[in-house]
Amino acid sequence: MQRKFPHLSKPIRIGNVYFRNRMFGAPMGGTDITADCTIGPKTTAFYEYRAKGGVASVTVSELVVHPETEGSHMYHLDLQTPGSLASFTYTADAIRRHGAIASVELSHSGQYAGTYLVDKEKKAGLCQWGPSATVRPDGREVRGLTQELIDDIVKAYGEKALLAKKAGFEMIMVHGGHGWLINQFLSPYFNKRTDQYGGSLENRVRFAQEVLDSVRKAVGPGFPIEFRMSGSELFDGGYDLEEGIKIAQLIESRVDLIHVSAGTYQRGFGVTHPSMFLPHGSNVYLAEAIKKNVSVPVATIGGLNDPQHMEEIIASGKADIVEMARALLADPELPKKVITNQDDRIVRCLRCFTCMAERAETSTRRCTVNPFIGRELDGMEIVPAADKKKVLVVGAGPGGLRAALTAAKRGHEVICCDQNAEVGGILIGEQAIPFKYEMYQLGGSLGRLCQDAGVEFRLNTKVDKAYADAVNADHIIIAVGSEPFVPAIKGIDAANVVTINDYHSKPDVITDDVVVLGGGLAGCEAAIHFARENKRVRLVEMNDALSPDANIRHRPILLAEIENMGIEVLKNHRALEVLPHGVLCTTDQGEQVLVEGTSVLCAVGQRSRRKAVDELWDCAPMVAQVGDCVKVSSITTAIYQGHHAALDI
């Protein structure tokens, strides 16, 4: 077979273990960590899902090696807790039986113990330990580790590695990046010790070397050890790439694979996990530089989801392996699709941070584009229906497309209608904003998958009661979405005004001097886009906060981007009238202000298309409604509801 991506598809040997391709599943925390910190059955299924998709390795994250000094509610592994070893054994087996190599990440958060606790106040009861005694910016005291504790932690790394090997794991990852304990020792910012662990780079690397020696002694020669490090901490006071290269050189003799990430978790979340505002692969240069200076294989990571891009990384020698996390949540079958030349069927990660926000808020997982994530035990097999039905899906937005796909996979006769000339619904408008282009691509990917499953599309078709009656479907799934809310203010229909939904088809309306009405998520992202085009942007919001509808991971990055781009923000300003040279507003003090601008983007929100829903409600024996037409929400909600509406037929 002629592989379209031969370098990505090529096996690789690391230590004495063969991996089936160059695509690795990066560490991702699970979904149901038990009270005893064992792996729950939902988490086992969560990791197994990626193994089924063809990835070469799946890494379980994070195993806390020394709970006595790290009280985070993450995985523990010991022989004293009933079910602890068994949970790891079942998980390793679930990964390995699909041909993937099971790996586990050994970790210690150091002075950031308790980061993943949902009850943030409980962190106050934990002892935070680090290389040096200090006080964190949030006021929490950090104790400096004694030599006795250092020795005990080093020993614990080996003990946990040996137990993981006993459980069936065939690779160990040692987490030495992102501001966790090993990184704290490596970093001149955190490490102020004056003994053999502090000062010179050779001293700061000593703890990492001792940890790796402990792990190697436990697992033996030939057993792959992967060391995850930040190529650079990317902030003033931390180590830079030059020192990152030296760190890699000082540990390479002890490891089989160097996994190069970036930044620290606390001082650059959107850089360590590149946000939609950064280019894909923005951290690859770090791995490339380190690879030139070491002799062991190097892995790279960071917002990678395009097979052509990843193929170039391997082919050009920038790295030997690409690792993905979010991309494999969006589409666990990405590796299979790469290997079988079906890359145009990949459902790409949107880099929206829904997955990470959900874990931080509820200790579960959810993915915007994949309704199975975190709910794998609810059933991932789409079982053919015993009684085939005729199904009419009204609307080819994300909810309607997912409903049509699932219904067709169940064997139903599916007709999907949409009034637009292409599928995607509200996602069609995202093509005009480069950093949101993958949202536009989502419509095309789902559309192609629907066609593969046998869905009949009828585009440029508005479905009213007469049309629905003529189709005579057994089931109707209404997914007509929402429409822009246009405030009843004078001049809003002027030629210099365009709504957010229509901007892609009328980009020339927006001049170099633009007022964005509405500081919700859509308005904020549009404002950033205009600022990147070097337009003068004024962002007007009637309330006192921007983008409350953004998730807790995306929102801080969004707000920082608005500040960095120099966008003028006017909160507590209510629009009264659109004029040729600006928008007349009133403040919360009642003062009238002219916000200057020669063009206006209206992004004050959406409203459900309830009239269309009401008209179709009696056009079939069974009718379901999904997505924005029920309540204006998100792509996540639309896809999840659409999938389950189809399962209910």
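Which residues of the largest nonpolar core touch the most other members? In this predicted model, Ile-172, Val-174, Phe-207 and Leu-601 hold that position in a core of 158 residues. Helix α4, spanning residues 147–167, supplies the largest share of this core, with nine residues. Another core lies apart from it and comprises 17 residues, including Leu-392, Cys-417, Val-463 and Ala-468.

At the level of the whole protein, the secondary structure amounts to 21 helices and 28 strands. The C-alpha trace extends over about 75 × 65 × 50 Å along the principal axes. For 649 residues, a compact globule would be expected to show a radius of gyration near 26 Å, and the value of 26 Å for the protein therefore agrees with that expectation. Of the 649 residues, 60% are buried. Among contacts with a separation of 6 or more, 69% are accounted for by residues 24 or more positions apart. The accessible surface is about 25200 Å², and carbon and sulfur atoms contribute 49% of this area.

One open sheet is built from five strands, arranged in the order β19-β26-β20-β21-β22 with parallel pairing. The edges of the sheet are occupied by β19 (497–499) and β22 (568–570); each has a single partner strand, so one side of each remains without a neighbour in the sheet. From one strand to the next, the twist averages 20°. Within this arrangement, β20 (residues 513–517) and β26 (residues 599–602) are paired in the parallel sense over four bridges. Val-516 is placed opposite Leu-601 of β26.

Leu-601 thus links the description of the sheet to that of the core, as a residue of β26 and as one of the core residues that touch the most other members. When residues up to four places away in sequence are not counted, Leu-601 touches Val-498, Thr-499, Ile-500, Tyr-503, Ile-510, Val-514, Val-515, Val-516, Leu-517, Ala-526 and Phe-530. Val-516, which stands opposite Leu-601, is therefore also among the residues that Leu-601 touches. Helix α18 (residues 521–532) lies across β20, β21 (536–540) and β26. Relative to β21, helix α18 runs at about 170°.

Methods
Residues are numbered from 1 along each chain as its sequence is written. This is a predicted model: local features need pLDDT of at least 70, side-chain atom pairs count only at pLDDT 80 or more; totals for chains, interfaces and linings use all residues. Side-chain values use heavy atoms; hydrogens and water are left out. A nonpolar core is a set of buried Ala, Val, Leu, Ile, Met, Phe, Trp, Tyr and Cys residues joined through side-chain atoms within 4.5 Å. Buried means under 20% relative accessible area, exposed over 50%, partly exposed in between (1.4 Å probe, protein chains only). Helices (H or I, at least four residues) and strands (E, at least two) are DSSP runs, numbered from the N terminus. Contact means heavy atoms within 4.5 Å. Two strands pair if DSSP finds at least two bridges between them. Axes are lines fitted to C-alpha atoms, for helices over the stretch in contact, and angles run from 0 to 180 degrees between N-to-C directions. The radius of gyration is taken over C-alpha atoms; the globule rule is 2.2 Å times the number of residues to the power 0.38. Accessible areas come from the Shrake-Rupley method with a 1.4 Å probe; for residues, only the protein chains shown count as cover.
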